Each structure stands twice: as C-alpha cells, then as structure tokens.
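Visitor: I have a model to look over and some labels to test. Can you take me through the reasoning behind them?

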Amino acid sequence: MSSRAAVFISGDTPVSEKLKVVAGEVELSPADSATVLFVLAHDHDDAVLQNARRRFAELSDDILREAVTTSSIHPRILDGIARVHWRKADIAKLIASHPHCSDETRSFLAGCGIESSPKAHPHGYDEPEVDDELAGEGEIEVNEESEEFRGKYQLAQVMSVPDKIKIAQTGDKEWRMILIRDSNKLVSGTVIKNPRITEQEVLTISKSAVQNDEILRVICANKEWIKNYQIRKALVENNKTPLPAALRFLATLTDKDLGHLAKSKNISSIISTQARKLLLSKKKD
C-alpha cells in the first residue's frame, strides 16, 4: 500500500477523512482503493464500516481486475475480494492464479467452481527466480538520515509500550523498521504481524540477528512467506531459526546453496553436516 493510502487506515485518522476516501473523493490506485475499503469495512465507526462495505461490494470490474493483478496486493485483500466478488468468474480466476493467493482462498474458490493451476514444486514451494547475490536483495529502502525518520525514532524513545504496540500494528515502513528493533518483545513481535509488512522486509528480518526469537517462529509458520526461496535460505543461515524449521527448509535449497552451506563456518554444525548429507544423497541418486 502506498503511503498516501495508508493515511486513511490509521487509528488517528478523523472519521470525516475516512468517509471522504470511502465516498471516492480521494484518487487512489485500484489496489490501494480495494485495500483501504477492505480495512475500513472493519472500522470501529459504524458509518465508515457500513459505507466501506457497500463501496467494496460495488467496485467495478475494471478496478477489481487491476487490483487483483497487482503483484504486491496482500493475501487478505485477495481473500476479501474473492468472498464478495466470486460470482465474477474472470476476476475469481485471476485471484486463484495470483502468487499471493492463500490456500484457504483457493479452497473457497474451488468450492465455488473456480480452479487454478499454479506451477507445482516437489516441496510445495516456489523455485528461486533470481540470483541471491543480486545487489540490494531484501533491503528496506528507508533513509535513516532523513528528518522524518529521526523524528519517529526520537518519538519512539519516549512512547509507552501500549502506544508502540498500536503503531506496530499498522505503522508504515519507517515505524516497522524502528519498532522491529525494540527491546520489548511484545512491540517487536507485533511488527511482524503488521498486515502491511512486505516480503522484502521479511527477508531482511530473516537475515538479521533478531533478539526476539518469536519473530522467526512467526516467519517460519507463514505459508506465504516461506514460498519465497530467498526467505527460506535466509532462515536456514540464521542461527536463531528453530532447528526443525531450518532443517525442513534446507531440504528445499538448490545444490549450489547446499554446497556453500556444507562448507560454511558461520552456521550451525548440524545444518552444515545435514547439507553435506543431502548433497551425497543426491549424488547417489
């Protein structure tokens, strides 16, 4: 979601502003429009909630088509569109074929007679699509030297834990980057559950020496995130990843990466030993 759209789903946004975006008085991209309406359809204000639900149900085919073909749209938004607009077969098929479409959504659509044919992988994960040595892979593009970032960082130092948790739930990328490092595990643990967090951020977190082990457990349990090869590889290489999960993901890596891990001195000896065993087993086969 763009920063322009995110303003309208913040808990501090006045009802009058939310009603403006619900009424279509604010120009947003199709994906942003669908996302904002979906979130506001669960707003605490009844007028916002009712109007957002009506507008969400009235979204045109053109807007829906553009929204569900946007690569960054969140799985929950795809699910919301599927359950409201499933009768539109062409839209439903696009949702079912979207890489971010959850198994639950696909099952719902299958029950409605809409099938998809995603490319299968022996382990149920996507094959790596890019070389993991590409520059900038997984980096969060936030300028820590900017006045806005410094202002948020300074504010975080004096905020109460409840206030931090509230912002961690819906805050933008800068807030997520600040609060994921918070010493309070309730705060940092909430950030990883923020529905706006991106796969690029999850990849960066998976590569980092996080202090809160629960964050890595949440990542390991998220079926959508672990479809991303680079995230699985980062989790295998992170010594704080729960060992059973690391070993499970290890078996999905390429021979090239298994070779690197088999020789690595920076990972658990259990992981490097298992990588060698997997390579030997593949050579025998």
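Guide: Start with C220. Beyond its neighbours within four places in sequence, C220 is in contact with I226, L235, T241, P242, A245, R248 and F249. Keep in mind that this is a predicted model.

Visitor: What makes C220 buried?

Guide: The cut-off for buried is under 20% relative accessible area. C220 has 7%, so C220 counts as buried. The residue sits in helix α14, residues 213-221.

Visitor: How far apart are the C-alpha atoms of C220 and A245?

Guide: They are separated by 6.7 Å, with the two positions 25 residues apart along the chain. A245 is also one of the contacts of C220.

Visitor: L235 was on that list too. What is L235 in contact with?

Guide: Again leaving aside neighbours within four places in sequence, L235 touches S206, L216, I219, C220, I226, T241, A246 and F249. L235 is also among the residues with the most contacts inside the largest nonpolar core, which has 41 residues. L179, I192, I205, I219, W225 and L250 are listed there as well. A second, separate core has 32 residues, including V26, A41, A67 and L109.

Visitor: Why is helix α15 called mostly covered?

Guide: Helix α15 runs over residues 229-237, and eight of its nine residues are buried. Those eight are Y229, Q230, I231, R232, K233, A234, L235 and V236. They pack against α13, α14, α16, α17 and α18.

Visitor: Which atoms meet at the start of α15?

Guide: A side-chain oxygen of N228 comes within 2.9 Å of the backbone nitrogen of Q230. The limit for a polar contact is 3.5 Å.

Visitor: Now the other end of the numbering. How do you know how α3 is oriented to α5?

Guide: Look at the axes of α3 (residues 30-40) and α5 (residues 61-68): they cross at roughly 95 degrees and come within 7 Å. The range for roughly perpendicular is 65 to 115 degrees. The crossing angle therefore makes α3 roughly perpendicular to α5.

Visitor: Which residues meet there, and how do they divide?

Guide: From α3 come P30, A31 and A34; from α5 come I63, E66 and A67. The division is five nonpolar, no polar and one charged. Glu is in the charged class, so E66 is the charged one.

Visitor: And what does the secondary structure of the whole chain come to?

Guide: It comes to 18 helices and zero strands. Of the 285 residues, 44% count as buried. Among contacts with a separation of 6 or more, 56% join residues 24 or more positions apart.

Key. Residues are numbered from 1 along each chain as its sequence is written. This is a predicted model: local features need pLDDT of at least 70, side-chain atom pairs count only at pLDDT 80 or more; totals for chains, interfaces and linings use all residues. Side-chain values use heavy atoms; hydrogens and water are left out. Axes are lines fitted to C-alpha atoms, for helices over the stretch in contact, and angles run from 0 to 180 degrees between N-to-C directions. Helices (H or I, at least four residues) and strands (E, at least two) are DSSP runs, numbered from the N terminus. Angles under 35 degrees count as roughly parallel, over 145 as roughly antiparallel, 65 to 115 as roughly perpendicular and the rest as oblique. Contact means heavy atoms within 4.5 Å. Buried means under 20% relative accessible area, exposed over 50%, partly exposed in between (1.4 Å probe, protein chains only). A nonpolar core is a set of buried Ala, Val, Leu, Ile, Met, Phe, Trp, Tyr and Cys residues joined through side-chain atoms within 4.5 Å. A polar contact is a pair of N or O atoms within 3.5 Å; within protein, one must be able to donate a hydrogen and the other to accept it, and residues adjacent in sequence count only if both atoms are side-chain atoms.
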